[in-house]
Amino acid sequence: MSTASVRDRAKGRAGAITVLLTIIGYGAVGGVFLVPQFQALFPDLTRDTVDLLAHAIAAVNSVTILTLSLGWYWIRNNEVKKHAAAMTTSFTLILVFLGMYLPKVAGGGTREFVLESSYGWVPLWDWVYPAYLLMLAIHIILSVVSVPVVLYAIVLGLTHTESELRNETPHRRVGRIAASAWLLSLVLGVVTYLMLNHAYSSTFAAAEAATLLLPLGSGV
């Protein structure tokens with residue numbers, strides 16, 4: 001079967017493909033938190049390895065912020081090919097993120113915020129911890145709800161021509177919503193990572209305890 005034939009078949013099933021990919025994504029992330037049998041598929045990791053993965057995830061998310069921003073800039077300047085390349089790269093980076101995040105949570109654990117710091121310039125005001133929790137909550141919610149929107153925008157982009165995207169699909173509107181939610185989620189994820197891993201102190205929670213946290217996409 002030719003590439004064009006596959007693309008034509010997928011074009012009319014963009015919604016169904018999005019639903020299927022969303023279920024797979026939710027299932028994989030939910031499995032590492034809630035299903036012991038799925039967790040057992042991943043090797044146990046040392047704390048050093050968990051920390052290394054957290055740093056790598058933050059780096060990947062930071063690069064994704066850049067590629068998403070470039071994609072937004074280029075489409076506003078009608079540079080469609082550059083926009084498509086940037087968004088495809090961003091989606092690839094999210095797959096890389098998942099490839100590190102799933103084993104990190106299933107085989108390791110997560111850090112928990114402590115309002116202490118070894119740096120004298122870091123503020124220890126009482127509202128810092130609630131602010132951290134609020135940013136983390138918004139990050140998690142956006143990570144969850146943006147999945148189907150992002151996937152739908154990607155599927156439309158991969159299965160339709162430029163003319164079709166502009167005139168026959170809601171790609172522009174969906175893409176704007178997807179990019180906005182995705183960008184804000186990533187920025188908040190990187191900010192909470194910096195607070196948790198660098199500016200402030202933390203305690204380490206093993207994987208079993210981490211099942212209650214659901215820090216999707218935070219890399220913390």
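**Helix α6, residue R111 and the largest pocket**

I141 lies in helix α6 of this predicted model. With a relative accessible area of 52%, I141 is above the 50% limit and therefore counts as exposed. Its C-alpha atom is 8.3 Å from that of S185, although I141 and S185 are separated by 44 residues in sequence. Helix α6 also holds S143, for which the relative accessible area is 13%; because this value is under 20%, S143 is classed as buried. The side chains of S143 and S185 are joined by a polar contact of 2.8 Å, so that S185 is related to helix α6 both through this contact with S143 and through its C-alpha distance to I141.

These residues belong to a chain whose secondary structure consists of nine helices and two strands, arranged along the sequence in the pattern α-α-α-α-α-β-α-α-α-β-α. Of its 220 residues, 42% count as buried, and the area that the chain exposes comes to about 11,800 Å², of which 67% is supplied by carbon and sulfur atoms. Among the contacts in the chain with a separation of 6 or more, 81% are accounted for by residues 24 or more positions apart.

An example of such separation in sequence is provided by A58, which is located in helix α4. The C-alpha atoms of A58 and L186 are 9.1 Å apart in space, while the two residues are 128 residues apart in sequence. When neighbours within four places in sequence are left aside, A58 is in contact with V190 and Y193. The relative accessible area of A58 is 7%, and A58 is therefore buried under the 20% limit.

In the loop between α4 and α5 is found N78, which has a positive phi of about 65 degrees although it is not a glycine. Most residues other than glycine have a negative phi, and the backbone of N78 is noted here for that reason.

A buried charged residue is found in strand β1, which spans residues 109-114 and includes R111. The relative accessible area of R111 is 17%, and because this lies under 20%, R111 counts as buried. Two polar contacts of the R111 side chain can be described: one, at 3.1 Å, is made with the side chain of D51, and another, at 2.6 Å, is made with the side chain of S202.

The largest pocket encloses about 940 Å³ of space. Its lining is formed by 29 residues, of which I75, H83, H171, R172 and G175 are the closest to its centre. Two or more lining residues are given by each of the elements α4 (47-76), α5 (80-107), α6 (128-159), α7 (162-167) and α8 (171-199). Helix α4, in which A58 is placed, and helix α6, in which I141 is placed, are thus among the contributors to the lining of the largest pocket. Divided by class, this lining comprises 15 nonpolar, eight polar and six charged residues.

Conventions. Residues are numbered from 1 along each chain as its sequence is written. This is a predicted model: local features need pLDDT of at least 70, side-chain atom pairs count only at pLDDT 80 or more; totals for chains, interfaces and linings use all residues. Side-chain values use heavy atoms; hydrogens and water are left out. On a 1 Å grid over the protein atoms alone, a cavity is a set of points where a 1.4 Å probe fits but cannot get out, and a pocket is an open set with protein on both sides within 12 Å along at least five of seven lines; lining residues have an atom within 4 Å of a point. Grid points are joined across faces, edges and corners, and a volume is the space filled by probe spheres set on the points. Helices (H or I, at least four residues) and strands (E, at least two) are DSSP runs, numbered from the N terminus. Buried means under 20% relative accessible area, exposed over 50%, partly exposed in between (1.4 Å probe, protein chains only). A polar contact is a pair of N or O atoms within 3.5 Å; within protein, one must be able to donate a hydrogen and the other to accept it, and residues adjacent in sequence count only if both atoms are side-chain atoms. Contact means heavy atoms within 4.5 Å. Accessible areas come from the Shrake-Rupley method with a 1.4 Å probe; for residues, only the protein chains shown count as cover.
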